Amino acid sequence: MKSDMPGGRLTNRPSARAGFSRTVLEWYRRHHRRLPWRATRDPYGIWISEIMLQQTTVSAVIPHYEKWMEIFPDVRSLARSSAQKVLKAWQGLGYYQRARNLHQTARIVVRDFGGRFPSDHESLSVLPGFGPYTTAAVLSLAFDLPYPVLDANVRRTAMRILAIEDESGRRAEKTVMAFLEDVLPQDNPGLFNQAMMELGSLVCRPTSPFCLLCPVADHCLAFDRGIQETIPPPEKRSWQRIDTVVAVIRDGDKILIQKRPAKGLFAGLWEFPGGKREKGETLERALARELREELGVNLLEARFLLKVSHSYTQFQATLHAYEVWLENQPRLRRDRHRWLTPGRLGHYPFHSGSAKIVRYLEKLEPETAKSGKPRGRQL
């Protein structure tokens, strides 16, 4: 089939484009997964799911989505919540700025739009966290408006159909968007967007795509040339590896935690005192230095508790947790520090690495967590 489109085998004939769209929709109706956010046309639920699904797998999102919708069933309940409750509900998904954007947007929707999401591109696209992808997703999935959705799955699928092999996914975006605008049906554009995302997720996978099961393999130039597994070219990622030390400081049955600054990495989340080990430092010296700098205390003794590792966007962190004894009282600020029993730690939002330490402490001392029985003073 001769191509009149950039890189692809589809012609510009309306019948060819309609045939492609119809094939994708028919495949989706037979093979799509039944996911909780697909059971609604409510823009609020669709919006929450789309934000959660960014850079997170479907299987990981499902329990978070269901829990979130129990806590915040509609935009008004989210708008009137505290920031800390929102961050706690988001815990485990990472990218906490997204949770702050959700909270801010909910308040704007309630205040400026009477609790109803606007259905026009201009109003929706200026809300916090509404980039091109989220705006198109909500407009098409909730309001069935003809805006093509371009996520990683759709980008990869389209790049293979068009055999775009000499450009990165982002540089190929204009070509891909032109293709999607061509094949997007005026009827059921939201369903078609869902279908393209599902096709990329289940069939046109990043590695080992199921080309023999693909409903549009006949339209795919990459498959025809045998180059589908080289498209798109892999992105080079450099991970920074860091070691951090954290202190479990007790006062009777309570443990000290502190709040991170309002801006920067993990803004507004809670953590245990500590910080990054500098080059050439032992873990114990790094711990003593961090406690002296942060709390103005001298370390008398430290007992190793556990080591946890977690990968973040740009770095991989290993957290070394110690139970510590101090020579003097720490300098604390009422707005930044809390003394909590182990059973109360879980009510505060922590980043994923610290959350693993919280779970360890809860399991380590179930009697303390449940009854508040003191273990003695360490100050």
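Asp 112 is partly exposed in the predicted model, with a relative accessibility of 44%. Its salt-bridge partner is Arg 111, and the closest N and O atoms of the pair are 2.8 Å apart. Arg 111 itself counts as exposed, at 61% relative accessibility. The value for Arg 111 lies in the exposed class because that class begins over 50%, whereas the 44% of Asp 112 falls between the 20% and 50% limits and is therefore classed as partly exposed.

The pair formed by Glu 323 and Arg 250 has a different setting, as both residues are buried. The closest N and O atoms of this salt bridge are 2.7 Å apart. Glu 323 belongs to strand S6 (residues 315–326) and Arg 250 to strand S1 (residues 240–251). The two residues are 73 residues apart, and the pair links distant parts of the chain.

A salt bridge also joins the side chains of Glu 198 and Arg 33, with an N to O distance of 2.7 Å. This pair likewise connects distant parts of the chain, at a separation of 165 residues. Glu 198 is located in helix H11 (residues 189–202), while Arg 33 is located in the loop between helix H1 (14–31) and helix H2 (43–53). Glu 198 is buried, its relative accessible area being 0%. For Arg 33 the relative accessible area is 24%, and this residue is partly exposed. Since buried requires a value under 20%, Arg 33 is not assigned to that class.

Elsewhere, Glu 281, Arg 289, Glu 290 and Glu 293 are linked in a network of salt bridges. The count of salt bridges comes to 12. In general, side chains of opposite charge can pair when their charged atoms come close.

Helix H2 also takes part in a helix packing, with helix H8 (residues 132–143) as the partner. The angle between H2 and H8 is about 145 degrees, and their axes are 9 Å apart. The crossing of these two helices is right-handed. On the H2 side the contact involves Pro 43, Ile 46, Trp 47, Glu 50 and Ile 51. On the H8 side it involves Tyr 133, Thr 134, Ala 137, Val 138, Leu 141, Ala 142 and Phe 143. By class, 10 nonpolar, 1 polar and 1 charged residues make up the contact of H2 with H8. The charged residue is Glu 50 and the polar residue is Thr 134, because Glu counts as charged and Thr is among the others, which count as polar.

Ser 140 is also a residue of helix H8. Ser 140 is buried, with a relative accessible area of 0%. A polar atom of its side chain lies 3.3 Å from the backbone oxygen of Ala 137, and Ala 137 is one of the H8 residues that meet H2. The side chain of Ser 140 further makes a polar contact with the side chain of Asn 193, at 3.0 Å. With residues up to four places away in sequence not counted, Ser 140 touches Leu 145, Tyr 147, Val 149, Gly 190 and Asn 193.

For the protein chain as a whole, the secondary structure comes to 16 helices and 7 strands. Of its 379 residues, 49% are buried. Among contacts between residues at least 6 apart in sequence, 66% join residues at least 24 apart.

Technical notes
Residues numbered from 1 in each chain as written. Predicted model: local features only at pLDDT ≥ 70, side-chain atom pairs only at ≥ 80, totals over all residues. Heavy atoms only, no water. Salt bridge = Lys/Arg side-chain N within 4 Å of Asp/Glu carboxyl O. Helix = DSSP H or I, 4+ residues; strand = E, 2+ residues; numbered from the N terminus. Buried < 20%, exposed > 50% of the residue type's maximum accessible area, 1.4 Å probe, protein only. Axes fitted to C-alpha atoms, helices over the stretch in contact; angles between N-to-C directions. Left-handed = near helix turned anticlockwise from the far one by under 90°. Contact = heavy atoms within 4.5 Å. Polar contact = N/O pair within 3.5 Å; in protein donor to acceptor, adjacent residues only side chain to side chain.
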